[in-house]
Amino acid sequence: MELKEKLVSSFMAFEERIDVNSDLHELRTLAIKNFENKGFPTKKEEAWKYTSLNSVLKNDFSVFPKNENSIEFADVKKYFLHEIDTHKLVFIDGVFSSFLSATTHDGIDVCLMSSALNKPKYKLVIDNYFNKIANKDESLTSLNTAFANEGAYINIPKSKLVDKPIEIMYFSTGSEAALLVQPRNLVVVGENSHVQIIERHQSLNENPVLTNSVTEIFAEKRAIIDYYKIQNDNLEANLIDNTYVSQQKETNVSVNTFSFGGNLTRNNLNFYHFGERIVSNLNGITIIGDKQHVDHYTLVQHSTPNCESHQDYKGIFSDKSTGVFNGKIYVEREAQKTNAFQKNNNILLSDKATINAKPQLEIFADDVKCSHGCTIGQLDETALFYMQQRGIPKKEAKALLMYAFSNAVIESIKIPELKQRITTIIATKLGVKLGFDL
Amino acid sequence: MLSIKNLHASIGDKEILKGINLEVKAGEIHAIMGPNGAGKSTLSAIIAGNENYEVTEGEIFLEGEDIADLAPEERAHKGVFLSFQYPVEIPGVSVTNFIRTSINETRKANNLEEMPANEMLKVIRDKSELLEIDRKFLSRSLNEGFSGGEKKRNEIFQMAMLEPKLAILDETDSGLDIDALRIVANGVNKLKSDKNAIIVITHYQRLLDYIVPDFVHVLYNGKIVKSGDASLALELEEKGYDWIKNEQEV
């Protein structure tokens, strides 16, 4: 049976397992119908022109893991930001692990989507926010909505400065021959509140995994959200990340995506504006090799005046890896005085590596500042020679140059320990050990 | 120290150096002058090992060892230093971290232990004072946003840190105002000893008022067409390069 049919027929069984009387029943039913109509996206669709899911979908994915699995903290400690204290939401093969997690209800809610969807005290928040900004037409988002049951639920009331970062971790153990997981995250940040969130998907073995994740983020007036996505998975892991950000007036939301690994990674990152003086930041560093594939598909929908968006994506591609950057900026007629900037710089280290870059600007307002710049090149030979001349061997010199190339994005990381971690990952990735920390 | 014999080099199909012979001994300062396009920067790049140029004929010896097939970093480890005409900007890597990497890689290649951090700091302090470099400057990203003068001063600072056997200063005077020129020249003179040698590449005589050469060579059309002592530079200043050109064409 093809995966699509398998999923559609699993839906009934899924609804039986959970509360069928839930208000969510209708929402899920609509979602599965949309997925059934549209199916998995193919390269015939403009938005998926450069990314094919075919080879991934050939796997016979289990839709529901059979067993609950546990992991020892010592084995996965390195994936956490263990140098500092954090709130933690940890999931193993899609199932919440209370053992590894550190949830809280102390002034803020950092807990499970499954409880939020089922317990009456969260009903108001779920009614107001759940599936409200996610694109109901998009088939993979619909697929996730149909099966949405578990994930991170984060609700920060107004005027809270969340004291420590929140880590959301999805581990897959490989206990299934092939596993499909569909996490669903909801992040609501109240007026004047500030939160930092780190999300990571990590496969712990070589069995294929497909993660189809949906995250909805709501920033209420003047909220500040720093969101970091770490994608440094093994060669059998596939990730489709659908993130939707809703911003009210004077909010500042940054999503930083670090794509260092995985077989196929697709990041659909969408920003919507509902007020004036909003700032949206979308940053990314992609460093991949082998036959890895990373596709960044961004949308910033400027609907209101006096808002800003800044996109800065750096990519370094070696071997036969392929990258895609499709950045769409849409400025509606009402969105006067918009400042929208997009930068996408790429370095190809091999003749067989590919980058497809496609900026898309659709501007219907007449008093705006919009720009995009895209570069594709090789490492600067003069700079390499300069460093070699100072005694730095070519390999290390290349690493320093690549670090320098991605530096602007690294500098945007506001958690020092995370910055350190990212630079360490980059140095490891580049295979160098320098006399100082990058 | 350095011995170049019948050096021919080209980039693509274009022959730039057409048989250079040069002998530089320890303790000497040589100036290489010449009009634009004569091949001055090419010569310095080739000595330092820039792979963009192809050596088609001839040999380069450093202390008796043929270095023509060595990578740029290997030549650097043997004590060749080139001060760039246009130093490269490297954002995100501080001057201190860069020089630390540079020194420790050089020490590693010469089977020496890494320089202890406290010693490194002391040397950095001493050498930055020599070149009147502000400490704040050292934590800035290498050459990023530096003025022309700051870049050149930073090059000489690195030279002071690395203590090369052979230093080639490629147009170090360009972009320097008179005060910066004096500081840089003063630094170079202090680094000079009877153990090392310096090649100054310059278009103008100005720098040679401060760094007085033992020998002056005039490079024209890929060849050294005239050699002499410091007075040759003054003569060139007075008569201009047309003098050389005309002499060659006759």
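**Helix 1, fold and core of chain A, and its contact with chain B**

In this predicted model, helix 1 of chain A covers residues 3-17, and its end C-alpha atoms are 20 Å apart. At 1.5 Å a residue, the 15 residues of this helix should span 21 Å, so the separation of the ends agrees with the expected span. The helix nevertheless carries a kink of about 35°, centred on A:F11. A:F11 is also one of the buried residues of helix 1, together with A:L3 and A:L7. The cover over the buried residues of helix 1 includes three other helices of chain A: helix 2 (24-38), helix 3 (54-57) and helix 7 (139-147).

Chain A as a whole contains 10 helices and 20 strands. Its radius of gyration is 21 Å, whereas the globule rule gives 22 Å for 438 residues; the two values are close, so chain A is as compact as a globular protein of that length. The C-alpha trace of chain A spans about 70 × 55 × 45 Å along its principal axes. Of the 438 residues in chain A, 50% count as buried. When contacts in chain A between residues at least 6 apart in sequence are considered, 82% of them join residues at least 24 apart.

The largest nonpolar core has 184 residues. The members that touch the most other members are A:V189, A:I217, A:L400, B:I168 and B:V200, and this list draws on both chain A and chain B. Helix 9 of chain A, residues 394-410, gives the most to this core, with 10 residues. For A:I217, the surroundings can be listed in detail. Leaving aside residues up to four places away in sequence, A:I217 touches A:V187, A:I225, A:Y227 and A:V253. A:T243, A:Y244, A:V245 and A:S246 are also touched by A:I217.

Between the two chains, 25 residues of chain B are in contact with 19 residues of chain A. On the side of chain B that touches chain A, at least two residues each are supplied by helix 2 (72-77), strand 7 (90-94) and helix 3 (95-109) of chain B. Helix 3 of chain B provides the largest share of this side, 8 residues. By class, the side of chain B that touches chain A is made up of 12 nonpolar, 9 polar and 4 charged residues.

Conventions: Residues numbered from 1 in each chain as written. Chains lettered and ligands numbered in written order. Predicted model: local features only at pLDDT ≥ 70, side-chain atom pairs only at ≥ 80, totals over all residues. Helix = DSSP H or I, 4+ residues; strand = E, 2+ residues; numbered from the N terminus. Expected span 1.5 Å × (residues − 1). Bend = angle between axes of the 7 residues up to and from the residue. Buried ≥ 20, exposed ≤ 12 C-beta atoms within 10 Å, placed from the backbone. Contact = placed C-beta atoms within 7 Å. Nonpolar A, V, L, I, M, F, W, Y, C, P; charged D, E, K, R; others polar. Rg over C-alpha atoms; globule rule 2.2 N^0.38 Å. Core = buried A, V, L, I, M, F, W, Y, C linked by C-beta atoms within 7 Å.
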